[in-house]
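User: I have a few questions about the terms used for this model. Could you take me through them?

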Amino acid sequence: MIQNRRKFIKKSSLLAMGTGAAFLIPMDLLASIRRNISPNDKIGVGLIGCNGMGFSDLSSMLKMSEIQVVALCDVDDSVLKKRTSDLEKAGIKKPKLYKDYRKLLEDKDVDVVIIGTPDHWHCLQLSDAVKAGKDVYCEKPLANSIEECNLMLNSVQASDRMVQIGQWQRSQPHFVDAIDFVHSGKLGEIRLAKAWAYQGWMGSIPVLPDTATPAGVDYDMWLGPAPKKPFNANRFHFNFRWYWDYAGGLMTDWGVHLMDYALYGMKANTPKSVMALGGKFAYPNDASETPDTLQTVYEYDGFSILWEHATGIDNGNYGRNHGISFIGNNGTLVLDRNGWEVIAEKDKMQSITLQQNQGNGLDKHTVNFIEAVKSRDASQLKAPLKVGYDAALVCHMGNIAFKTGNRIYWDNYEGQFSDDSSNALINAQYHNGWELPKG
């Protein structure tokens, strides 16, 4: 059974990668879907950051009759050219093109904004979009620091805008069913929840020299509030994830998806304390900065949550390269993107065989968002900003514990840690003339 599961996981490795490629449907298929659309009241969509999940989000929304792509924004001309070509293959006329997201936000034809940029841009772009009166679908993780998360939460809560975070598993039926079972109490008292991402497809990032900025790339705009550094291909596009200036490694990239469900299942938010151990053990001399191996323990009253990640390895817990497990006195529920099952403790309950994935979670998530946009009812949202906030907060805590090398304690009343070295890592550091949004 485990061998068959491993074959299935290997076969569906693109989905496990979470790069966005798995969600892209062929443009000719999208064209056939849109051929039968009757003219209705249109919702104009503008996409900021077109290279990965952002375009997957747009492609998903374009399956809905109301959606009209109005504008694309990207700092790389080659990406704009490719995505324009992709849309033309689907029979969609060329949208307006921008390289500065602020110009897109001034566009009166844009009702909804998709933010698919690197993490270090999310705070400014989401805050500016809300101020411009746009509804927003923002990719995860919410932001690149705890301070930015706090500012974004305040900004959205003070507005009437619909904001959905791209934690699409919240709309995936089998994930919801699994958590309903966890909350039923049938597992007995749960003493430990685990979440993990073992990513065998991730190899070493080779050391590359700095180069001139490629033609057609507005590198200053790509950097935005991040520290000024020479252009290096390793830091650009997909691999930005492994550099602290722009992101938080697998802890935030996969962690927000999986820790979100660990928190959801345990009805938990901020922990009492956090410990983290790890480092660059698989590829100690490569070009990446974030740890390729990490174990993080979150302390709560009556239970713990354990996060694990490792690159270059697929053989994770229960034969799965990613997942969440809830370990109770009567049995253990194991959940991933392929389905969920229950492994019973002897003589305490009945095991449950694999309950398989049901459909495309991303499509369900974007439909949920657009339905909330139309109804103006934020209570409909499956992943409102608070969901993204809670997941990002604990993931950033894990990275802060790793950076300090200490067991760190969180004061929920004060909204800070008990030590100065950890608190110093809460704040965002903006550069190049960019300023944090006002709270």
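Analyst: Happily! Contact here means heavy atoms within 4.5 Å. Helices are DSSP runs of H or I with at least four residues, strands are E runs of at least two, and both are numbered from the N terminus. This is a predicted model, where local features need pLDDT of at least 70, side-chain atom pairs count only at pLDDT 80 or more, and totals for chains, interfaces and linings use all residues. Residues are numbered from 1 along each chain as its sequence is written, and side-chain values use heavy atoms, leaving out hydrogens and water.

User: Which residues of α4 and α13 meet?

Analyst: From α4 they are M53, S56, D57, S60 and M61, and from α13 they are L362, D363, T366, F369 and I370. This set divides into five nonpolar (Ala, Val, Leu, Ile, Met, Phe, Trp, Tyr, Cys and Pro), three polar (the others, Gly among them) and two charged (Asp, Glu, Lys and Arg).

User: Why are α4 and α13 called roughly perpendicular?

Analyst: Helix α4 (residues 53–61) and helix α13 (residues 361–375) pack at about 70°, with axes 9 Å apart. Axes are lines fitted to C-alpha atoms over the stretch in contact, and angles run from 0 to 180 degrees between N-to-C directions. Roughly perpendicular covers 65 to 115 degrees, so the pair earns that name.

User: What makes α4 largely enclosed by the rest of the structure?

Analyst: Buried means under 20% relative accessible area, with a 1.4 Å probe and protein chains only. Nine of the nine residues of α4 are buried, so α4 counts as largely enclosed.

Terms used:
Angles under 35 degrees count as roughly parallel, over 145 as roughly antiparallel, 65 to 115 as roughly perpendicular and the rest as oblique. Buried means under 20% relative accessible area, exposed over 50%, partly exposed in between (1.4 Å probe, protein chains only).
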